[in-house]
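Open the model in your viewer and keep the sequence panel visible. The stops below are meant to be selected one after another.

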Amino acid sequence: LNIVLEKLSSSKFPATISWHNRELYIKGLDEALEDYELVRITTVKRCGCCREEFEDGEFAYYVIIDNDIICSKCKEKVNAKLEPRVFRK
C-alpha cells in the first residue's frame, strides 16, 4: 500500500484512497473521475503487449475485450475499454 500511496502522491492528480472489504477504492485516479473507483489487485507479472515486468504497486490496466493486462505505456496504444489494476506480488 505504501508504494501505491507514493505513486499516487507523485501523480499529477490528487488522489484519495479508501479500503472497504479488502477492496481498494481510489478517487482522483483520472482527471474526469469524480467518484471513487474500485481498483482491483492483479498478480499478472508482465504486460501482455510489451512483456515488460510490473513493479510491486505499479498501476496496470485490464483490457476487457482481450482479457489481458497491459502497462501504462501500452495503454496509450489501445483503443478499448480499460479498467485500472494494481499489481501485487
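Select Glu83 and Arg40: their side chains meet in a salt bridge, 4.0 Å from N to O. The model is predicted. Glu83 belongs to strand S6 and Arg40 to strand S3, so this pair ties together parts that are 43 residues apart in sequence. Are these two residues buried, partly exposed or exposed? Glu83 has a relative accessible area of 24%, which makes it partly exposed because the partly exposed range runs from 20% to 50%. Arg40, with 43%, is partly exposed as well.

Stay with the charged residues. The count of salt bridges comes to 5. For another of them, select Glu53 and Arg46, whose closest N and O atoms are 3.0 Å apart. Arg46 is partly exposed, at 36% relative accessibility.

Next, select Asp56 and Arg88. Their side chains form a salt bridge of 3.6 Å, N to O. Asp56 sits in the loop between S3 and S4, while Arg88 is in the segment after S6, so the pair links parts that are 32 residues apart in sequence. Asp56 is partly exposed at 21% relative accessible area, and Arg88 is partly exposed at 28%. Now add Arg85 to the earlier pair: Arg40, Glu83 and Arg85 are joined into one network by salt bridges that share partners.

Move on to the rings. How many aromatic pairs does a search of the whole structure find? The search finds 1. Select Phe54 and Phe87 to see this pair, which is tilted, with 6.0 Å from centre to centre and 40° between the planes. Phe54 lies in the loop between S3 and strand S4 (59–63) and Phe87 in strand S6 (residues 82–87), so the pair ties together parts 33 residues apart in sequence.

Check the accessibility of both rings. Phe54 has a relative accessibility of 6% and counts as buried, because buried means under 20%. Phe87 is buried too, with a relative accessible area of 3%.

Keep Phe54 selected and show what surrounds it. Leaving aside neighbours within four places in sequence, Phe54 is in contact with Val44, Lys45, Arg46, Cys47, Ala60, Ile69, Ile70, Cys71 and Phe87. Arg46, from the salt bridge with Glu53, is therefore also among the contacts of the Phe54 ring residue.

Which residues make up the largest nonpolar core? Select Cys47, Phe54, Ala60, Tyr61, Tyr62, Val63, Ile69, Ile70, Cys71, Cys74 and Phe87, 11 residues in all. S4 and strand S5 (68–70) each supply at least two residues of this core. The largest share, 4 residues, comes from S4. Both members of the aromatic pair, Phe54 and Phe87, are on the core list.

For the last stop, select Thr42, which is placed in strand S3 (residues 37–42). Thr42 is buried, with a relative accessible area of 6%. A polar atom of the Thr42 side chain lies 3.2 Å from the backbone nitrogen of Val44. Beyond residues up to four places away in sequence, Thr42 touches Ile69, Arg85, Val86, Phe87 and Arg88. Several of these have appeared before: Phe87 in the aromatic pair, Arg88 in the salt bridge with Asp56, and Arg85 in the network with Arg40 and Glu83.

Terms used
Residues are numbered from 1 along each chain as its sequence is written. This is a predicted model: local features need pLDDT of at least 70, side-chain atom pairs count only at pLDDT 80 or more; totals for chains, interfaces and linings use all residues. Side-chain values use heavy atoms; hydrogens and water are left out. Buried means under 20% relative accessible area, exposed over 50%, partly exposed in between (1.4 Å probe, protein chains only). A polar contact is a pair of N or O atoms within 3.5 Å; within protein, one must be able to donate a hydrogen and the other to accept it, and residues adjacent in sequence count only if both atoms are side-chain atoms. Contact means heavy atoms within 4.5 Å. Rings of Phe, Tyr and Trp (its six-membered ring) pair if their centres lie within 6.5 Å; planes under 30 degrees apart count as stacked, over 60 as edge-to-face and the rest as tilted. A nonpolar core is a set of buried Ala, Val, Leu, Ile, Met, Phe, Trp, Tyr and Cys residues joined through side-chain atoms within 4.5 Å.
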